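Please open the structure in your viewer and keep the selection panel at hand. The tour moves from one selection to the next and says what is found at each stop.

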Amino acid sequence: MTSPKVQSPIVEVTGVSKVYEPSTWWMRFLLRSAIDEPVRALHDVSLAVRPGEVCAVVGPNGAGKSTLFRILTGLTTPTSGFSRVRGFDAQHESRRVRKLVGFMPADDRSLYLRHTCRQNLMFHGRLQGMRRDQLHVLVDETLDLVGLGHARDRMGIALSSGMRARLQLARALLHRPEVLILDEPTSNVDPVGSYALLKLIERLTREHGLAVLLSSHRLEEIDALHDNVAFLDRGVLVHWGDLHSLRDLWERPRIVIQFADSASARVAAKQLDSASDVDVATVDGDTLTAFAGHTGRMLVQLDGHLGDVVSIEESRMPLRELLTRLVERREV
Amino acid sequence: MSSALNGLAPRAQRGARIAGAFVWMGYTEAKAYPLAFFLPLVTALASPVVYYFVAQLVDSGPSVGDSYYTFAIIGLAANAAMTGGLTAFASTLDYAIQQGRFETLLVEPVRWRILPFGLAGWAIVVYSISAVLQFSLGLILGADIRVTGLPIAVIVIVLGILAGHAVGIISGSVKVLSKRSDPVLGLYMTLAFMLSGVVFPVGLLPLPLRVLSYCIPHTYVLSALRHVLMTDPSGITGPEAGPAIALLLLFVALVYPFGLWLWGRALDYGRTLGVLAGY
């Protein structure tokens, strides 16, 4: 068996741009247009996902995440470039692509909440043309797979948010897709539930060799997935690759120093301001927070004030700050 | 030829399975909200009762086949069934868009062309039940029909539902872009109720409107049904069953392909604008 890392990509997005044009005059007669001038949602985005990989698509609101997912599922066409799933063009061979893709929308309104978990899946299975006798087995297997086997006859309305998310995941998995596209799968789920859901997604990805594209606003979750990140900002792919390489490029340890008093903290901040490799982020009372390339060298700069230091804490830069800095750098 | 037929059979089976899935879902949804299912059926029974009393006031001349009540009951029941064909797709589509389910349907590996048939299935069944109930109550209240005309009447009504559904696909194609407004259906239904002779003979209309009434399939359905079901249809205006069936077949053969073409174009345009998933 070949290692997933050396397999060729199953999802390929190549030079994809999307410009939303304002509606024509006759279209405005039907529906009020959301825009008055062309809006660039994606610009020259390229990425690839291999079987067994999770690609987290992150970015602020309006970054183009949903547009990217819609292009991949054939719901929107790109203005230029192309996206392929196992070699099939998502624009022109949309139905073939949809056979290979399982999609989980952001909210759970699309579930039939007055129907049981089994009925929800049975409906979608029958839509996909599956025979009823096969479907019963497949539905039960899929519900077991996502940990809903015990709740198969429970109505959607009686499920917790976490269980509904699992039911949506089951629906996306029912036809045994090779690619999963999950639009903010944990958005309605509490932290414990979302951690469990992500671990489930991670396990399914590895065990079934799925290629997963997942968007989330919860960056600590992305951090926990230990896989690739596509960071979009205003339609532009700012970073694409594993988190480790992003950190190598950008990360400097965050050092929090507590002084004996606030005067010492302010004096130390002044002294560190002139140091080349140190950025003082905040001085809050007796506590100074700074980013430095090397902790030891930073402490040397405090020569004469080390005696006022009560404690030093070094930590990794939170992903949120890392990504904020990427955005800030683009703005500069 | 035989290989083409061999390929057609699995496709037809698959299509039937998908249409069946929608009908099954509609049925389970009706069971989930029983009052919402039964109440419209009960209110539909008001019309035969109202027209029972109206018929006491109206002269039953030859233009209404010597029984105004039978004339009106046939019109009301047929109109209910054809309204199902007309509105089923657009109203179910509207509900799916508002509920956020349309996006989920579009990402299923299902031919988008089958959605107008699948989405309409259950609503057509419900409207047909409503038509049968109205017709049955009419019979109980004294409407008099020729039972031998029923088989042809069923053929005519099925064609009428199909003709309505074909127009409904055009309406759905507008709705998938407009999301709420529905100019096609609104205009068509108003014209159909006014001009096709649901509760009065088309012959009463002024000539220009009478000419317009023959552009609407409803008119042919109603006239054909009255010709085959009424005991004395000699004074009924409009074509008899044979010509009406031929014209309805022609209408269906022309409007269905156009409707499906328009549906495909609307979806393509919606994809370009990026409005398919919104509401």
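In which sense do E9(A) and strand E10 (residues 236-242) of chain A pair, and over how many bridges? In this predicted model, the two strands pair in the antiparallel sense, and 6 bridges hold the pairing.

**First stop: the strands around E9(A)**

Select residues 228-233 of chain A, which form strand E9, together with E10(A), and look for Asn228(A), which stands opposite Asp242(A) in E10(A). The hairpin of E9(A) and E10(A) has 2 residues between the strands, and within this hairpin Arg234(A) takes a positive phi near 45 degrees.

Next add residues 54-58 of chain A, strand E3, which is joined to E9(A) by 4 bridges, with the two strands running parallel. A useful pair to label here is Ala56(A) and Val229(A), the latter in E9(A), since these residues stand opposite each other. With the surroundings of E9(A) displayed, consider its burial: 5 of the 6 residues of the strand are buried, so E9(A) is largely enclosed by the rest of the structure.

**Second stop: E1(A), E4(A) and E5(A)**

Staying in chain A, select strand E1 (residues 11-20) and strand E4 (residues 80-85), which pair in the antiparallel sense over 5 bridges. To find your bearings, label Thr14(A) and its bridge partner in E4(A), Phe82(A).

Extend the selection to strand E5 (residues 88-89) of chain A, which is joined to E4(A) by 2 bridges and runs antiparallel to it. Val85(A) has Phe88(A), in E5(A), as its bridge partner. In the hairpin of E4(A) and E5(A), where 2 residues lie between the strands, Arg86(A) takes a positive phi near 45 degrees.

**Third stop: where chain B touches chain A**

Now show both chains and select the residues in contact between them: 32 residues of chain B meet 28 residues of chain A. On the chain B side, helix H1 (2-32), helix H5 (102-106), helix H7 (150-178) and H11 each supply at least two residues, and the largest share, 9 residues, comes from H1(B). Colouring this side of chain B by residue character would show 15 nonpolar, 9 polar and 8 charged residues.

**Fourth stop: H10(B) and its two helical neighbours**

Within chain B, select helix H10 (residues 217-229) and helix H11 (residues 241-273), which pack at an angle of about 150 degrees with their axes 9 Å apart. That angle makes H10(B) roughly antiparallel to H11(B), and the crossing of the two helices is left-handed. Among the residues that meet here are Tyr220(B), Ala224(B) and Val228(B) in H10(B), and Ile245(B), Leu248(B) and Phe251(B) in H11(B). The residues of this contact of H10(B) with H11(B) divide into 11 nonpolar and 2 polar, with no charged residue.

Keep H10(B) selected and bring in helix H4 (residues 68-99) of chain B, which packs against H10(B) at an angle of about 135 degrees, with the axes 10 Å apart. H4(B) is therefore oblique to H10(B), and H4(B) passes H10(B) in a right-handed crossing. The contact includes Phe71(B), Ile74(B), Gly75(B) and Met82(B) of H4(B), along with Leu222(B), Leu225(B), Arg226(B) and Leu229(B) of H10(B). The residues of the contact of H4(B) with H10(B) divide into 8 nonpolar, 2 polar and 1 charged. As a last display, label Val221(B), which takes part in the contact of H10(B) with H11(B) and also in the contact of H10(B) with H4(B).

Definitions and conventions. Residues numbered from 1 in each chain as written. Chains lettered and ligands numbered in written order. Predicted model: local features only at pLDDT ≥ 70, side-chain atom pairs only at ≥ 80, totals over all residues. Axes fitted to C-alpha atoms, helices over the stretch in contact; angles between N-to-C directions. Parallel < 35°, antiparallel > 145°, perpendicular 65-115°, else oblique. Left-handed = near helix turned anticlockwise from the far one by under 90°. Contact = placed C-beta atoms within 7 Å. Nonpolar A, V, L, I, M, F, W, Y, C, P; charged D, E, K, R; others polar. Buried ≥ 20, exposed ≤ 12 C-beta atoms within 10 Å, placed from the backbone. Pairing = 2+ DSSP bridges.
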